[in-house]
Amino acid sequence: MITWVIGAGGLLGSAVVRALDLTYQPGPVPWRDPDLAIATLQAQTAEFARQAGTAPWAIVWAAGQATTSSTAEETARELTVFSAFIEAVRAELPPDSGTVFITSSAGGVYGGSSSPPFDASTDPRPLGAYGMLKLDQERLAIERLGASCQVIIGRLSNLYGPGQDLTKLQGLISRLALASVTRVPITMFVSLDTLRDYLYVDDAAAMICMWLNRSAELDGQPLTVVIAAGQSVSLGHVISTMQDVTRTRIPIAYGAHASASAQSRDLRLIPTDAQSTRPLVRMPLVAGAKRVHLDVLERQQRHAD
């Protein structure tokens, strides 16, 4: 099988690349220029189809610039690029021989859902532009590709790990590690009793590969799965863990941000097929947090040299 990970330079995409045996790896996509990004993705899709020929193929969409702080205008641009990519896949790839795995956000689509814990059957109710973007991407992929290839939607919990983009307003564990190193306070916009399911990025990648490997056994109908650790902790617990790991009192400020209104206080999740995915949750939170801290510390030291 030939595989292609879109967003291979990001936190999740790079982890999926590490977990796969064979990937098609074209050059980077200029995401900041939507028109150029579309043209690049169309050309790369055509080349991927040429290399795949009649062989089985798989595509993992792990790209995205949007965060919970993004505006409706920013998410609309991202949806336009995604839509063009989906059309390119439908036009170029042979039917009935491939799988498209779309990474989505459990926090985004379940932001306004009721009665946690949430699983794949929970009715999604996004509260903000970011969550709506993710749900629109899911629906586009199913609507336009569901009849021609296996579509799997992976709703992921809060991912963390070394290499996270520190310029984005996301990734609590990375932001805490950065604050511990720079001594610049991190601002919390939500209550410390907010519950989140933290999953180490390599463990998430292993679960994505598990679902890709199962695609041949599926019935061809679109499948939505929740990818999570299955254990939620409060943000207060995460802060305490990071302070123990970094052996510092991390400077924290408290403030208000419009994006907080789109954040669910209780985001407990039930992973799909927990019996199979539980052994793939290999990284304890403390050990993973320590890896993130060491990565941020090393990057800051390189930046200072």
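# A guided tour of the model

Start by selecting serine 69, which sits in the loop between strand 2 (57-61) and helix 3 (72-92). Helices (H or I, at least four residues) and strands (E, at least two) are DSSP runs, numbered from the N terminus. With a relative accessible area of 27%, serine 69 is partly exposed. Buried means under 20% relative accessible area, exposed means over 50%, and partly exposed lies in between (1.4 Å probe, protein chains only).

A word about what you are looking at: this is a predicted model, where local features need pLDDT of at least 70 and side-chain atom pairs count only at pLDDT 80 or more, while totals for chains, interfaces and linings use all residues. Residues are numbered from 1 along each chain as its sequence is written, and side-chain values use heavy atoms, with hydrogens and water left out.

## Zoom out

Now show the whole protein as a cartoon. You can look for 10 helices and 10 strands. Along the principal axes, the C-alpha atoms fill a box of roughly 55 × 50 × 40 Å. For 305 residues, a compact globule would have a radius of gyration near 19 Å, and the protein agrees, because its value is 19 Å. That radius is taken over C-alpha atoms, and the globule rule is 2.2 Å times the number of residues to the power 0.38.

Switch on the surface next. The accessible surface comes to about 13900 Å², and 50% of that belongs to carbon and sulfur atoms. These areas come from the Shrake-Rupley method with a 1.4 Å probe; for residues, only the protein chains shown count as cover. Of the 305 residues, 50% are buried.

How is the chain's contact pattern spread along the sequence? Among contacts with a separation of 6 or more, 81% are between residues 24 or more positions apart. Contact means heavy atoms within 4.5 Å.

## Helix 6

Select residues 172-182, which form helix 6, and highlight serine 174 in it. Is serine 174 buried or exposed? Serine 174 counts as buried because its relative accessibility is 1%. Leaving aside residues up to four places away in sequence, serine 174 touches Gly161, Gln164, Leu166, Val292 and Val296.

Serine 174 has company: helix 6 is mostly covered, with eight of its 11 residues buried. Those buried residues are Leu172, Ile173, Ser174, Leu176, Ala177, Leu178, Ala179 and Ser180. Which elements do they pack against? Color strand 5 (158-160), strand 6 (186-188), strand 7 (195-200), helix 8 (235-246), strand 10 (252-254) and helix 10 (285-304) to see them.

Val292 also makes a handy link back to our starting point. Draw a distance from its C-alpha atom to that of serine 69: the two residues are 223 apart along the chain, and their C-alpha atoms are separated by 23 Å.

## Backbone oddities

Most residues other than glycine have a negative phi, and most peptide bonds are trans. Here are some places to look for exceptions.

- Arginine 183 comes just after helix 6 and takes a positive phi of about 65 degrees.
- Arginine 247, in the loop between helix 8 and strand 10, has a positive phi near 55 degrees. With a relative accessible area of 78%, arginine 247 is exposed.
- Aspartate 273 lies in the loop between strand 10 and helix 9 (274-277), and its phi is positive, near 50 degrees. Aspartate 273 is partly exposed, at 28% relative accessible area.
- Proline 116 and proline 117 are joined by a cis peptide bond, with omega about 5 degrees. Find proline 117 in the loop between helix 4 (106-109) and helix 5 (129-145).

## The cysteines

Select cysteine 149 and cysteine 209. Why is cysteine 149 not bonded to cysteine 209? The sulfur of cysteine 209 is the closest cysteine sulfur to that of cysteine 149, but at 18 Å it is too far for a bond. A disulfide is a pair of cysteine sulfur atoms within 2.5 Å, and the structure holds zero of them. Cysteine 149 counts as buried at 6% relative accessibility, and cysteine 209 counts as buried at 9%.

## Last stop

Finish at leucine 36, in helix 2 (residues 34-52). Leucine 36 is partly exposed, with a relative accessible area of 43%. Now find leucine 11: the two leucines are 25 residues apart in sequence and 23 Å apart in space, C-alpha to C-alpha.
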